[in-house]
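Trainee: I've got the coordinates open and want to check a few labels against their cut-offs. Can you walk me through them?

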Amino acid sequence: MAVTSSDTHFLDIPDVVLTIIFSLVADTRTRNAMSLVCLKWHLLERSTRKSLTLRGNVRDLFLLPTCFRAVTDLDLSLLSPWGHPLLDSFPNPLLLAQFLRHAFPSVVSLTVYVRNPSTLHLLAPQWPDLRHIKLIRWHQRLPTLPLGIEFVALFEHCRMLSSLDVSHFHCWTEDLPPAIQAYPMLAASLSQLNILKHSSVEGFKSHELLAITASCPNLRELLATCIFDHRFVGFVSDETLLALASNCPSLSLLHLVDATSLSNVRPDLNDDGYTSEDASISRSILCDVFAGLPLLEVLVLDVCHNVRDAWPALELLNSKCPRLKSLKLGQFHGICSGVDSRPDGIALCHGLESLSIKNSADLTDNSLEAISLGCPKLSKFEVLGCKKISAKGIRKLTHVLRNTLVDVKISSCKNLNVVSLLQTMEPIRDRIERLHIDCVWKNADNSVKQTASSNGETRLKKKNKSRDNSFCSRTWSKLQHLSLWIAVGDCSGERRPCTGSLGLRYLARYPSLSRMLLDCSGVIGYGLTAPPGYPDLSLWERFFLYGIENLNLNELNYWPAQDMDVNQRSLFLPAAALLAQCGSLRKLFIHGTANEHFMMFLLRIPTLRDVQLREDYYPAPENDMCTEMRAESCRRFEDALKSINRHIPD
Amino acid sequence: MGIVEEAHNLKVLGSGDRLIVLAHGFGTDQSVWKHLVPHLVDDFRVVLYDNMGAGTTNPDYFDFNRYATLEGYAFDLLAILEELRFDSCIFVGHSVSAMVGVIASISRPDLFSKIIMISASPRYLNDVDYYGGFEQEDLDQLFEAMGSNYKAWCSGFAPLAVGGDMESVAVQEFSRTLFNMRPDIALSVAQTIFQSDMRQILSLVTVPCHIIQSVKDLAVPVVVSEYLHQNLGSESIVEVMTSDGHLPQLSSPDIVIPVLLKHIRYDISTA
């Protein structure tokens, strides 16, 4: 027996080295475990923890831990009750704001839910060295607020800001430009700006975009929603694009997304795949724009209106933007003809590692082949809403790129169904890590209105694919994320869900499946106000969630079905009952509302540690009148969750 | 915050010299009035509260003995009115809460200037010479479902029966909301509601009543509003709206709100 006679122990490693080792550990639970080993490790862990998300009820803010003084990245947006104005319920909010500063003196990156301007008035002065801030608001902006008041409060105190993210912050597009223009020095040092507003369907108007970019010439990253429909005031035209490129020549990341693209509805295209209106973007201008942005690495142009014959501009991309690695195009046509299997158009961008093609009406199997030959480095490939491609083309692509592809998403392509899709994945079955497919079993969709969608993002390790027997013998050894879209049909019609279920229990074949995202928000029906004889959403809930207790889920994010008439996304009895049966659940986040009686069902889950109702959809229901979970109910529930009686095994 | 305020999630909104109390029916909560409130806050002080046993209240406060009859809820209402110390109010009650208001007004008629009843019924079960809308067999299925939910909930299983499972469309309509409460409370409330018979006390009412209902409400046949009109001891007026369903203030606000405002603003003429 060879004994390396060293009496060196892990604890003999010099502190400096230990510190570096600790600072490389990112996982929170691991860190928590490390900090319990001994006092020295506890201190080391605390001094190397850089990122923290505060959870807990804001009433208990005085219990704030003060040992995390090294934290530089702080997330305050998930405090309970979720979405409430942060410090408004206290008689002396300034004191608490200062206490936050005292507990976290090193913060340079902040995420915070800003229900009203008072939050920023209180918090912004506490961290004048802030570099990055992400504002979140799903509730409506009060119409009585003066324009830009929240941004002014922020810019006034945080002069070193270099990165601003308002993608989940509902405000008016008119709020930002005047504030940016009022602080020219700050604007000039802004390098990242995310105004890609998921929180509403408004896009920035052309003049607003130009006003902002003119003030921020040093932007490296810009993400924005805009309007490409020329029938609307302030649409993005050729001049806009040119001016944008000349305003911000250092851009390495540019996302311009049409505001209509972000609503969850599947696109309404005519039979050929073209929209009724064309975008006002000419390809020669596109060439000039690309020429003006030589540092571009990531480009998203999700236009939602036809950009025809785009191949000359795309061919130029390769030479004008040599660093381009990631490209997404929406509603671009003529991007690659693939004639004679020679790469042309987009297939000439051989540096591409990630490509996403959305709603390209004339994309054919030949195009796919050309792309696979011309872009040998592709590791991520997405194709959505392309009606002319077939399984043959996809198969060719996966075959050619079998050594590089790890992330594939195929959605809304008429000619593809689940069976043929799975066959196309054969060449990459052993390497693919992320996959999204639509579960369409027939060629033509026979549901009247595709109002339903259900996504399950899951973590899988070596297991068999469940649905189709002929592939049972093969394994998908590296698959980590699986996302499925399942059409359920019109839930507000007379048909009830069939006696049976969605079949969640089939997922029990994957015992490692621990995290799930179940998004039923595409299902629209009636909550309490169903007309006589019509089924209501509680029946659908029972249909969707039946069998969920058979999975060993650790973490679940659930988006309930919607009653759009009354803006309600809520848990009813079957959901509360079925979720309460998930015996291994640690974290449960419900993206909707639920009343206290139903929330209390969840206390039956012995391992449950973290639950929150997050109405992070627009418009979030205003309290008092629309939401079932009142602040007092929230507090009672959370107190019960934390109480000593509950023995949490780990 | 006083215990009454806190327990019932009591809210007082708006400004004006007259007080309106909005009482929701079982299985829902004060948010059913959300379409109506904006129209009232400019001219009236509006009081909203959640019935004990509603899904939004603390289930520990539900006293099964107290709430075995509707009187228990009437006591709660009187406690709230006492707390508010207003002279008299206009009471707007939906479904069973309208009867609760009626009971309260018999003991304290001074506190009520008028009662507006929406989708109200003194008795749901059919009787000799009385059509309430529900047969015993329909209700049997409901109680079976509620009973099985209760058993499941007690034993740690999932209570899964819902209103939509009922065969009778009338029962579906009415009970859809009842399943929104904790199973033991839901069962108790359902028993209370379907065992209640308020026909005898109608003659004791002295406060003017405005009877409003949908033309097609499977839980409250139109003849019931006529019965109420005939048998109430005080003066009353009936209006049948073109709306559908048992929750018209939520499902058809365009039809219901103008009607409600009219009855709130104007009194029955004593010509």
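**Checking the labels**

Mentor: Sure, and keep in mind that this is a predicted model. Start between the chains: chain A and chain B share 11 residue pairs in polar contact, both residues at pLDDT 80 or more.

Trainee: Which elements of chain A give two or more residues to the side that touches chain B?

Mentor: Helix 16 (537–545), helix 17 (573–579), helix 18 (596–601) and helix 19 (631–642) of chain A. That side of chain A divides into 16 nonpolar, 8 polar and 10 charged residues.

Trainee: Why is the pair Glu6(B) and Arg636(A) called a salt bridge?

Mentor: The closest N and O atoms of Glu6(B) and Arg636(A) are 3.8 Å apart. The cut-off is within 4 Å, so the pair qualifies. The count between chain A and chain B is 3 salt bridges.

Trainee: What is the area buried between chain A and chain B?

Mentor: About 3400 Å², with carbon and sulfur atoms giving 58%. The contact takes 34 residues from chain A and 48 residues from chain B.

Trainee: What makes helix 9 of chain A mostly covered?

Mentor: Buried means under 20% relative accessible area, and 7 of the 10 residues of helix 9 (206–215) of chain A are buried, so "mostly covered" fits. Among them are Leu209(A), Ala211(A) and Ile212(A). Their cover includes helix 7 (176–182) and helix 10 (238–247) of chain A.

Trainee: And which residues of helix 3 of chain A are buried?

Mentor: Trp41(A), Leu44(A), Glu45(A), Arg46(A) and Thr48(A). They pack against helix 1 (15–23) and helix 2 (28–34) of chain A.

Key
Residues are numbered from 1 along each chain as its sequence is written. Chains are lettered from A and ligands numbered from 1 in the order in which they are written. This is a predicted model: local features need pLDDT of at least 70, side-chain atom pairs count only at pLDDT 80 or more; totals for chains, interfaces and linings use all residues. Side-chain values use heavy atoms; hydrogens and water are left out. Contact means heavy atoms within 4.5 Å. Buried area is the accessible area (1.4 Å probe) that two parts lose on being put together, summed over both. A salt bridge is a side-chain nitrogen of Lys or Arg within 4 Å of a carboxyl oxygen of Asp or Glu. A polar contact is a pair of N or O atoms within 3.5 Å; within protein, one must be able to donate a hydrogen and the other to accept it, and residues adjacent in sequence count only if both atoms are side-chain atoms. Helices (H or I, at least four residues) and strands (E, at least two) are DSSP runs, numbered from the N terminus. Ala, Val, Leu, Ile, Met, Phe, Trp, Tyr, Cys and Pro count as nonpolar, Asp, Glu, Lys and Arg as charged, and the others, Gly among them, as polar. Buried means under 20% relative accessible area, exposed over 50%, partly exposed in between (1.4 Å probe, protein chains only).
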